[in-house]
Amino acid sequence: MKRLLIIAMFAIASVAEGSAQEHIDALVNRDIGGSRSGYMCTKRTAVKRDPDTGEIIKRVTEVVIRDNKELAKQFVEAFKTDIQTAEVSEESDKRNIYIATAIWLDPKRIYNISVTGDVVVVNVQTIYREDE
Amino acid sequence: MKRMIIMAVLLLAAITTTNAQARIEKRSVGAGEIDYITKELTCEELTQINCSLPVELRLVDGEEGHIEISYPMDEHRYIRYGINDGTKLSIGRDGFQKAPKKTILSADTPIYLTVSSSKLCYILSTQDTEVFVESDRFADELMLANSGYSLSIIAKSITAKESIKIHTTGTMTCEVEEWNTDNLQLFNNGYLYIDGTTTAKHIKHSSLGIDSTRLTVDCESLEVFAKGEGIISYKGTAGNITINSLGKTTIRTSELIQK
């Protein structure tokens with residue numbers, strides 16, 4: 001029984017870790033646009049590969065959104081929820097400006113957000129291997 | 001003298017018959033039938049087709065450069081077609097004739113054009129044009145352009161090794177299953193419907209109009225710029241992805257897996 005409990009706890013812990021940034025990721029990967037009034041959104045995703053092996057070293061996603069206060073609010077809420085599971089984090093929420101950085105390890109994932117009014121800038125980096 | 005005249009008349013008649021190479025056929029239109037004149041041309045270096053009248057174009061296998069054009073007999077005075085520079089086939093109104101007050105030419109009663117060429121690199125439509133690609137033979141670079149009315153493209157596959165460019169300022173619908181090329185460029189300033197699968201390594205999509213795009217990709221780079229309306233959906237795998245949205249267009253990339 002004790003063993004079972006330990007295994008169950010480990011399983012729950014691993015699931016929780018696997019979806020540590022699920023709220024942020026869901027927003028970053030969401031479909032763009034579709035709102036009645038329309039808004040500005042730029043999304044860039046790039047990968048850096050090892051030129052010899054083709055193995056992915058780093059994955060970077062940047063999202064910039066303007067003119068969508070509702071989405072800005074959702075991003076802030078997602079960060080506030082997910083940051084609690086981060087290994088390292090820094091958060092500042094003053095005078096309508098929200099800035100946060102959250103880092104998870106193995107692989108190293110660095111999530112940055114800055115929200116100023118209805119302008120949201122999110123930067124997500126997943127580093128599989130540090131550059132030599 | 002009389003004999004000479006008779007001989008001359010017979011000779012002229014023979015020349016006329018040889019040169020005309022025209023035949024008259026009946027085609028079913030709606031409930032009735034109308035007479036169509038069919039003529040054949042040859043252009044071995046045919047690279048461009050410009051249609052300024054409603055045309056149903058069929059790209060088929062056959063003798064290189066063979067062209068068959070068929071148009072309503074009642075309109076023959078007002079239709080002008082020909083080959084320019086030995087490479088361009090143009091179909092339009094005769095500039096020296098007044099356009100008829102009432103024309104029967106329409107998408108339902110079009111000019112029928114059958115072309116067999118492996119060097120085509122440009123098809124331009126400024127009227128209602130339907131293109132049936134029965135033989136997927138094009139040059140390495142292909143542009144399909146639509147300005148004004150509608151251009152429909154129906155094909156199992158379209159192959160142009162280096163690039164396929166699609167420009168529309170009208171209504172363009174592409175029912176094509178496979179777009180085989182290295183570079184695919186879509187520019188929409190009207191309405192664009194396009195679906196299917198593409199092998200393109202680099203895809204650029206600029207939409208200022210209404211878009212209905214559903215493409216399955218496996219590319220190195222995908223760039224989308226949207227400032228209009230509609231739905232743009234990309235799925236499959238992609239390397240670098242850049243998306244710029246300034247309008248109401250929904251851009252679906254959630255089924256796009258990054259390589």
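In what order do the elements of chain A run from the N terminus on? Here are some notes to help you find your way around.

1. The answer is α-α-β-β-α-β-β-β-β. In other words, chain A has three helices and six strands. Both kinds of element are DSSP runs, numbered from the N terminus: helices are H or I with at least four residues, and strands are E with at least two.

2. Before going on, some ground rules. This is a predicted model, where local features need pLDDT of at least 70 and side-chain atom pairs count only at pLDDT 80 or more, while totals for chains, interfaces and linings use all residues. Residues are numbered from 1 along each chain as its sequence is written, and chains are lettered from A and ligands numbered from 1 in the order in which they are written.

3. How confident is the predictor? The model scores ipTM 0.74 and pTM 0.83. Chain B averages a pLDDT (the predictor's confidence in each residue, from 0 to 100) of 89, and 90% of its residues score at least 70. Watch out for residues 13-20 of chain B, though: the pLDDT there is below 50, and the stretch has zero contacts in the model beyond near neighbours in sequence. Where pLDDT is low, the predicted coordinates should not be read in detail.

4. Chain A has 132 residues, and 23% of them count as buried. For chain B, with 259 residues, the buried part is 34%. Buried means that 20 or more other C-beta atoms lie within 10 Å of the residue's own; exposed means 12 or fewer, partly exposed is in between, and the C-beta atoms are placed from the backbone. As for elements, chain B comes to one helix and 21 strands.

5. Contacts are pairs of residues whose C-beta atoms, placed from the backbone, lie within 7 Å. Among contacts with a separation of 6 or more, residues 24 or more positions apart account for 51% in chain A and 33% in chain B.

6. For a nice example of a long-range link in chain A, look at Lys58(A) in strand E2 (residues 56-66) and Thr126(A) in strand E6 (residues 119-127). They are 68 residues apart along the chain, yet their C-alpha atoms are separated by 5.7 Å. Lys58(A) also touches Lys48(A), Gln125(A), Ile127(A) and Tyr128(A), while the contacts of Thr126(A) include Arg59(A), Pro107(A) and Arg109(A). Buried or exposed? Lys58(A) counts as partly exposed because it has 17 C-beta neighbours inside 10 Å, and Thr126(A) does so with 18.

7. In chain B, try strand E5 (residues 66-72), where five of the seven residues are buried. E5(B) pairs antiparallel with strand E2 (residues 32-42) over seven bridges, and with strand E8 (residues 111-116) over five. Pairing here needs at least two DSSP bridges between the strands. Ile67(B) is the bridge partner of Leu41(B), and Ile67(B) also stands opposite Val115(B) in E8(B).

8. Finally, the largest nonpolar core has 79 residues, and those touching the most other members are Phe75(A), Ile111(B), Ile153(B), Ile158(B), Val217(B) and Leu222(B). Strand E18 (residues 210-226) of chain B gives the largest share, six residues. Such a core is a set of buried Ala, Val, Leu, Ile, Met, Phe, Trp, Tyr and Cys residues joined through C-beta atoms within 7 Å. Leaving out residues up to four places away in sequence, Leu222(B) touches Ile203(B), Val217(B), Tyr234(B), Ala238(B) and Ile241(B).

Conventions. Contact = placed C-beta atoms within 7 Å.
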